[in-house]
Amino acid sequence: MSTELDIGVRRSVLPGGLRVVTEHVPGMRSVTIGLWVGVGTRDESLAVAGAAHYLEHLLFKGTGQRTATQIAEEMDAVGGELNAFTSKEHTCYYAQVLDADLPLAIDLVTDVVFEAICADADVDTERSVVLEEIAMRDDDPEDLLHEVFQETLFAGHPLADPVLGTEGAIRGLDPAALRAFYRDSYRPPGMVLAVAGNVEHDDVVRRVLKSPAVARDAAPTDPDPPRAGSSDLTARGELVLRSDETEQAHLLVGTRALARRDERRFALSVLNAALGGGMSSRLFQEIRERRGLAYQVYSAMACYADTGLFSIYAGCQPERLGEVAGVLRTTLADVAAGGLSEAEIVRAKGQLRGGLVLGLEDTASRMVRLGKNELNYGRYYSVDSSVARIDAVTVADVAEIAATLVRDVQAVAVVGPYSRVDELPDEVHEVMA
């Protein structure tokens, strides 16, 4: 039995506990299917650090029905895409195909996710691939900076752990422990199948039920269970440097912010857009347009089960790092003390509305929205309801969030050509003052 959540959006809970959410999008000739697992980096124990992302690689290496080559050939034969991604709190395996090839996509995704062999030889092969991925991240100073920043901001908490794992953890990961993590984590009650495009809900359910694994587990599940480390957050501040012979100095500052169920997250999203979300944002105008100090400057936010983050990035020539940090500190102080103008907030709301609606012009983005809503909230939020909550944000709401968060810089990270923290310009140290 299915429930209609919105026009074209339906939801069913299968006997084994798997939640199926579909959105019929008229006029589309494509379909995107995503099988979401409510397990990410923060859910790993020390013995299996890096396992969530490792499995993202390993499950494509073969099942009881298909070899890795057959998996790749079947998807390539229909011109589709089969891939996966891992985050701090979830993993998603997805396929995008023509609507006529939906049966193949469902069969492939469910086979890969539920029936992977995870042979010792494949674990060893993918170990080298994951180590290469870690090396590639470390060669990108901006990617490395974000990892260093989160390790500092969430020190002592599972959210500090890198999604890719560490080189030492990956080298020491035991195949048996990895398979145990797979068996324990990939259980239908903690998973969501989201499908968007030219689909019919009942047809999707019928095809998914052909997978024997879907009906293996009928235990109830909490759609948003308590996560590891929820009580381990502490208020601490730190400036950290990762020395690297880069042409630019890369700076990231920020603070822990709001959990995903905090209603103030909509005010924070408006603040984020106005402060560093576009070319008209205050930071972009102050640092790049008026002073020409940096090519790239932006702010970002993320909301997790029990906390979140708000951060600001700038990349500049090393000799300009002090001036950039000084402008950044002054701008943040001004916003913390006086909030933002009504004109800035109107522009930010327009940017968020446009980004939300235009971002749903393809089936992949609609699938992601369906999957995240169900996995994170256990419900569906329509686009209209999200737009209404953005529109309801007031100047006072944004000022309150700014006074609470922007003033309280809890972590500063730098990647650049410096040997010691005391070599950094005084202005960088003063950002946390």
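Me: I would like to learn to read the strand pairings before anything else; which residue in E3 is the bridge partner of Arg11?

Reply: The bridge partner of Arg11 in E3 is Val21, and since this is a predicted model, that pairing should be read as part of a prediction. The bridge belongs to a set of 5 through which E2 and strand E3 (residues 19–24) pair in the antiparallel sense, and another pair in that set matches Ser12 with Val20 in E3. E2 and E3 form a hairpin with 5 residues between them, and Gly17 in the turn has a positive phi of about 105 degrees.

Me: What does E2 do with E1, and which residue of E2 is the bridge partner of Thr3?

Reply: Strand E2 (residues 9–13) runs antiparallel to E1, with 4 bridges joining the two, and the partner of Thr3 in E2 is Arg11, the residue that is also bridged to Val21 in E3. The hairpin of E1 and E2 has 2 residues between the strands, and Gly8 takes a positive phi near 85 degrees there.

Me: In what sense does E3 pair with E7, and is E3 largely enclosed or left open?

Reply: E3 and strand E7 (residues 191–197) pair in the parallel sense, over 6 bridges, with Val21 standing opposite Ala194 in E7. Val21 therefore has a bridge partner in E2, namely Arg11, and stands opposite a residue of E7 as well. Burial is judged residue by residue, with under 20% relative accessible area as the cut-off; 5 of the 6 residues of E3 are buried, so E3 is largely enclosed by the rest of the structure.

Me: How should I read the order of strands in the open sheet, and which strands stand at its edges?

Reply: The order tells you which strands are neighbours, and here 5 strands are arranged as E8-E12-E9-E11-E10, with mixed pairing. Strand E8 (238–243) and strand E10 (296–303) stand at the edges, and because each has a single partner strand, one side of each is left without a neighbour in the sheet. From one strand to the next the twist averages 15 degrees. At the E10 edge, E10 pairs with strand E11 (residues 308–316) in the antiparallel sense over 8 bridges, and Ala302 stands opposite Leu309 in E11. Helix H9 (residues 265–276) lies across both E10 and E11, running at about 170 degrees to E10.

Me: His250 also belongs to a strand of this sheet; is it buried or exposed, and what does it touch?

Reply: His250 is found in strand E9 (residues 249–256), and with a relative accessible area of 6% it is buried. Its side chain is joined to that of Tyr313 by a polar contact of 2.8 Å. Leaving aside residues up to four places away in sequence, His250 touches Pro141, Leu145, Tyr313, Ala314, Gly315, Ala413, Val414 and Val415.

Me: Turning to helices, what should I look for along H13 and at its ends?

Reply: Begin with the general idea that an α-helix has 3.6 residues a turn, so residues three or four places apart point the same way. Helix H13 (residues 363–377) has 15 residues and reaches 21 Å from its first C-alpha to its last, close to the 21 Å expected at 1.5 Å a residue. Asp362 caps the N-terminal end, where a side-chain oxygen lies 3.0 Å from the backbone nitrogen of Ala364, whereas the helix is followed by Gly378, whose phi is positive, near 70 degrees. Since 11 of its 15 residues are buried, H13 is largely enclosed by the rest of the structure; among the buried residues are Met367, Arg369, Leu370, Leu375 and Tyr377.

Me: Are Arg137 and Ala396, which also lie in helices, buried or exposed?

Reply: Arg137 lies in helix H4 (residues 120–139) and counts as buried at 15% relative accessibility; its contacts, not counting residues up to four places away in sequence, are with Asp143, Leu144, Glu147, Pro162, Leu164 and Gly165. Ala396, in helix H15 (residues 395–406), is exposed, with a relative accessible area of 52%.

Me: Where in the chain is the confidence lowest, and where is it highest?

Reply: Confidence is lowest in strand E1 (residues 2–6), at a mean pLDDT of 78, and highest in strand E6 (residues 91–98), at 98. The chain averages a pLDDT of 92, and 95% of the residues score at least 70.

Note on methods: Residues numbered from 1 in each chain as written. Predicted model: local features only at pLDDT ≥ 70, side-chain atom pairs only at ≥ 80, totals over all residues. Heavy atoms only, no water. Pairing = 2+ DSSP bridges. Axes fitted to C-alpha atoms, helices over the stretch in contact; angles between N-to-C directions. Contact = heavy atoms within 4.5 Å. Expected span 1.5 Å × (residues − 1). Buried < 20%, exposed > 50% of the residue type's maximum accessible area, 1.4 Å probe, protein only. Polar contact = N/O pair within 3.5 Å; in protein donor to acceptor, adjacent residues only side chain to side chain. pLDDT = per-residue confidence, 0-100.
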